[in-house]
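Visitor: Please give me a close look at a single part of this model. Then place that part in the whole.

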Amino acid sequence: MLNLERLRTLDALARHGSVGGAADNLHVTTSAVSQQLAKLEREAGQPLLAKNGRGVRLTDAGRLLAEHAARILSQVQVAQADLEAQRGRVVGELRIAGFATAARGLFPAALTALRTAHPQLCVRSDELEAEDSVRGVLLGDLDLAVVLDWYNKPLPLPDGLAKRSVLDDQADVAMPVGHPLAGRESVDLEEFASDEWVTWPEGEFCHEWLMFTLRGKGVEPRIGHVAREHATQLALVEAGLGVSVAPRLGRGPVPEGVRVVPVRDAMHRHVYAVWRADADRRPSIRAAVEALASAGRDLTD
């Protein structure tokens, strides 16, 4: 008989590519991972791992068994979800992640509501970029993720995920109070062709969106400064070092030296929750998605 926990260890190794990565994912030591895999090799009756430099790689038999392990564990998750659904109780642990402004603007209200309504549910939250949290859901490291895309640039979602809209988040342009356009009721992005932008780090989805959007309007972006946190971006804007996109979700107080002006053709982000479709019936996921959607409605009402 093949032991389920050892199959889970093999699956973690296949997904994370190393003994250390598997150990981090499973919250055990590397020694424990090695022991489990050695026992699984004895159960399988053939080598599953081969040395690869300072690490290991899966043999052909290892890859074959890892593929079966992924399917078996997915079916186990379906069974667990069905049992939870039959009980109808929101209990256990739920691991959730969201991008920075969702963690700040949605999580406090949603997680407080969950704690009040379902005291036997333990929620663990983390702050991650959308691509990282989607990967975490796919790998089984997360149960639920709050992600975003923009009105003109969708975020590709892999097969096997379910999603639900949480809210649409409008974004404005932030500029110093002394900027020539600061007194306007609305602006067009093309009017900032000569300005330097304060933006997100290169490679992040929102940075790529800004480059895509400005170039689509015939403007070659001039990037002056880069900061991950919106509060830092606004501080740089207040200092007169550029302009930035300022989404409203989780924005907080705007510095006195900054003026935010809506864009005439409104810019907005779609914010939604994603989870594995094979866990769709879990009451804890359904309760968390509803709490997030309720928090989103409260922000937009």
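**One tryptophan and its surroundings**

Guide: Start at W209, which is buried, with a relative accessible area of 0%. Here buried means under 20% relative accessible area, exposed over 50% and partly exposed in between, with a 1.4 Å probe and protein chains only. The model is predicted, so local features need pLDDT of at least 70 and side-chain atom pairs pLDDT 80 or more, while totals for chains, interfaces and linings use all residues. Numbering runs from 1 along each chain as its sequence is written, and side-chain values use heavy atoms, without hydrogens or water.

Now its partner. The whole structure holds two aromatic pairs (ring centres within 6.5 Å, using the six-membered ring of Trp; stacked under 30 degrees between planes, edge-to-face over 60, tilted otherwise). One of them joins W209 to W150. This pair is stacked, with 3.6 Å from centre to centre and 5 degrees between the planes. W150 belongs to strand β5 (residues 144-150) and W209 to helix α8, so the pair ties together parts that are 59 residues apart in sequence. Like W209, W150 is buried: its relative accessibility is 1%, against 0% for W209. The other pair is F192 with W197. Their ring centres are 6.1 Å apart and their planes stand at 65 degrees, so this pair is edge-to-face. F192 is buried, at 0% relative accessibility. W197 is buried too, at 1%.

Two lysines also meet rings. K153 sits over the face of F212, 4.9 Å from the ring centre. K163 lies over the face of Y272, at 4.6 Å from the ring centre. The test asks for NZ of Lys or CZ of Arg within 6 Å of the ring centre and within 35 degrees of the ring normal.

Follow α8 outward. Helix α8 spans 205-216 and supplies at least two residues of the lining of the second largest pocket, as do α5 (100-105) and α7. A pocket is an open set of 1 Å grid points with protein on both sides within 12 Å along at least five of seven lines; lining residues have an atom within 4 Å of a point. The second largest pocket has a volume of about 230 Å³. It is lined by 17 residues. F99, A100, E129, W200 and E204 lie nearest its centre. By class, this lining has eight nonpolar, two polar and seven charged residues.

Helix α7 leads on to the largest pocket. There α7 (130-139) supplies at least two lining residues, and so do α1 (4-16), α2 (19-26), α4 (60-87) and β3 (92-98). The largest share, nine residues, comes from α4. The largest pocket holds about 890 Å³ of space. Of its 28 lining residues, R8, R95, L139, G140 and D141 are the closest to the centre. This lining divides into 13 charged, eight nonpolar and seven polar residues.

Enclosed space comes next. The search finds one cavity of 30 Å³ or more. A cavity is a set of points where a 1.4 Å probe fits but cannot get out. This one holds about 40 Å³. Its lining consists of Q77, V137, L142, D143, W275, R276, A279, R282 and I285. Five of these residues are nonpolar, one is polar and three are charged.

Now the cysteines. The whole structure has zero disulfides, counted as cysteine sulfur pairs within 2.5 Å. C206 is buried, at 8% relative accessibility. C122 is partly exposed, with a relative accessible area of 27%.

Finally, step back to the whole chain. It has 10 helices and 10 strands (DSSP runs of H or I, at least four residues, and of E, at least two). Of its 301 residues, 45% count as buried. Its C-alpha atoms fill a box of roughly 75 × 50 × 30 Å along the principal axes. For contrast with W209, take E185. It lies in the loop between β6 (161-176) and β7 (197-199). E185 is exposed, at 66% relative accessible area. From E185 to E41 is 69 Å, C-alpha to C-alpha, with the two positions 144 residues apart in sequence numbering. So the walk that began at buried W209 ends at exposed E185.

Technical notes. Points joined across faces, edges and corners; volume = space filled by probe spheres on them. Nonpolar A, V, L, I, M, F, W, Y, C, P; charged D, E, K, R; others polar.
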